[in-house]
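Biologist: Thanks for sitting down with me. Could you walk me through this model, one question at a time?

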Amino acid sequence: MTQQNTTTSSAKLARDGFTSSFGVLAATLGSAVGLGNIWKFPYLTGANGGASFLLVYLLATLLVGLPVMISEIMLGRAAKRDAVSSLKILAPAGQPWWLIGAFGVLAAFLIMSFYSEVAAWVFAYVFKAMGGSILSSDPAVTSAAFAALVADPVQSLLWQWGVLLFIGGILLLGVSKGIEAVTKKLMPVLFLLLIVLGVRSLMLPGAAQGLSFLFTPDFSKITAGVVLTAMGLAFFKLSIGMGTMITYGSYFKDDQNIPLTTLRVMGADLFVSMLAGIAIFPAVFSFGFEPAAGPSLVFITIPAVFASMPFGHVFMVLFFVLTAIAATGAMLSILEVPVSVMVGRFGVSRPRAVLFTLLLLAAIGSTCALSGSLLADFKLFGLNMFDLFDEVSSKLIMPAGGIALCLFVGWVWGFDRMRDALSNHGQLQNEGLLRALFFVIRYVTPLLVLLVMLSGLGVF
Ligand code: PFF
């Protein structure tokens with residue numbers, strides 16, 4: 001025990017981490033905010049009936065997202081280690097809770113495989129938008145431009161590898177000088193751009209129709225499948241259920257108020273999703289486009305929408321720059337999961353870990369990059385690799401990881417340790433809040449996630 005304490009404290013001293021409160025917030029928010037807000041959230045809301053979907057998503061965020069996210073950050077900070085090692089040292093000897101971290105590493109590769117491809121389109125679109133080649137108010141033209149990009153194996157691969165190199169380069173700089181420094185600069189820019197775009201969209205004629213689409217519920221659209229989709233989105237959005245927040249939690253400062261920081265991140269993340277919705281839907285309606293256009297909403301409808309408005313060229317460039325920024329913070333956190341496990345668990349140097357992760361990802365990710373071209377007909381369970389990796393991570397691995405985390409905290413780790421960790425060893429007076437939270441973690445969240453998973457997957 002004493003020996004373990006000594007190693008723990010020397011590991012703490014040597015370990016890189018976030019250096020300021022704002023840095024913690026920027027990096028954590030940087031992980032949460034991403035393509036999920038700007039690409040997934042609008043198209044899922046559009047395809048699943050607008051406001052009723054939003055309501056289910058909000059409930060999932062509060063009842064599932066918040067407790068799981070707090071739990072993860074808490075465990076990471078308590079152990080100060082990567083996702084696998086943290087659970088190894090926090091759990092009683094011989095119990096396999098570390099598998100949550102191991103599945104997290106798997107999920108990181110699956111998610112990054114398709115995520116880096118969507119990011120690849122976004123980065124490509126920044127340049128295409130600047131050059132004006134995608135500026136047309138005719139959706140048939142923007143649609144053909146997007147189809148040409150997706151169907152071109154060379155372009156798809158090269159943009160994806162370019163994105164991977166860019167993210168790898170930042171990761172090489174480390175946690176404080178890489179992840180923290182970059183997200184601290186990018187997050188404020190992201191908010192600024194989003195507000196400019198939101199205001200622009202709201203000033204368009206017919207904006208009210210877009211808002212009512214986003215805010216008027218249609219409960220007939222809510223099925224078990226839609227509830228699972230909304231919950232999967234909550235996991236994906238908050239980067240939880242796969243060890244990302246354990247990893248980032250391990251870089252948190254000791255005096256950081258975890259419940260408060262989590263609430264702030266959750267609130268700001270919701271704000272970004274709403275702003276993205278507000279920037280997108282009023283404009284879509286104003287120019288008479290179709291909101292439920294699926295994943296291509298961002299790449300086909302949006303360029304056409306921008307081309308229809310005055311100064312659309314400038315706003316379109318801003319939109320894709322903003323989306324690229326959002327994707328960057330998220331990708332840094334996804335890759336940090338395997339990188340930190342390789343460093344912490346297997347003693348690999350950080351540069352080697354980054355290199356190895358990138359190479360493996362270039363291989364696995366190429367199946368997604370080529371989903372629209374050479375591998376278009378390669379399907380498992382009726383899905384191409386791009387969709388399969390998305391579905392398996394959001395609807396299976398992350399929710400299952402969330403259940404396991406709650407069971408671990410609620411039934412193994414226990415209230416006393418949780419109170420100690422989340423009150424910063426008694427410095428914060430939040431006993432009432434923690435009791436309520438513990439109840440939710442122990443009973444409500446795991447049951448709820450299990451029910452939603454089983455019914456959404458059609459088990460009953
Ligand atoms: N939260 C990110 C988004 O909404 O775009 C995606 C994500 C990041 C998922 C990190 C998982 C993760 F570990």
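Biologist: Let's begin with Asn384: in which strand is the place of this residue?

Modeller: Happy to help, and please keep in mind that this is a predicted model. Asn384 belongs to a strand that covers residues 383–384. That element is strand S2.

Biologist: Is Asn384 buried or exposed?

Modeller: Buried here means a relative accessible area under 20%. Asn384 falls under that cut-off, so it counts as buried, with a value of 15%.

Biologist: Which backbone nitrogen does the side chain of Asn384 reach?

Modeller: A polar contact needs N or O atoms within 3.5 Å. The side chain of Asn384 comes to 2.9 Å from its partner, the backbone nitrogen of Asp387.

Biologist: Now the ligand: where does it sit?

Modeller: The protein contributes a shell of 17 residues, with Gly36, Tyr115, Phe236, Lys237 and Thr244 the closest. Elements giving two or more residues to that shell include helix H2 (21–32) and helix H15 (312–346). As for the site itself, the ligand occupies the largest cavity.

Biologist: How far is an oxygen atom of the ligand from an N or O atom in the side chain of Lys237?

Modeller: Let me take the polar partners together. A ligand oxygen lies 2.7 Å from a polar backbone atom of Gly36, and a ligand nitrogen lies 3.1 Å from a side-chain N or O atom of Ser239. For the Lys237 side chain, the distance to a ligand oxygen is 2.5 Å.

Biologist: How many nonpolar, polar and charged residues does the shell around the ligand have?

Modeller: Sorting the shell by class gives three groups. The counts are 9 nonpolar, 7 polar and 1 charged.

Key:
Residues numbered from 1 in each chain as written. Predicted model: local features only at pLDDT ≥ 70, side-chain atom pairs only at ≥ 80, totals over all residues. Heavy atoms only, no water. Near = heavy atom within 4 Å. Polar contact = N/O pair within 3.5 Å; in protein donor to acceptor, adjacent residues only side chain to side chain. 1 Å grid on protein atoms, 1.4 Å probe; cavity = no way out; pocket = protein on both sides within 12 Å on 5 of 7 lines; lining within 4 Å. Sits in = over half its atoms within 2 Å of the grid points. Helix = DSSP H or I, 4+ residues; strand = E, 2+ residues; numbered from the N terminus. Nonpolar A, V, L, I, M, F, W, Y, C, P; charged D, E, K, R; others polar. Buried < 20%, exposed > 50% of the residue type's maximum accessible area, 1.4 Å probe, protein only.
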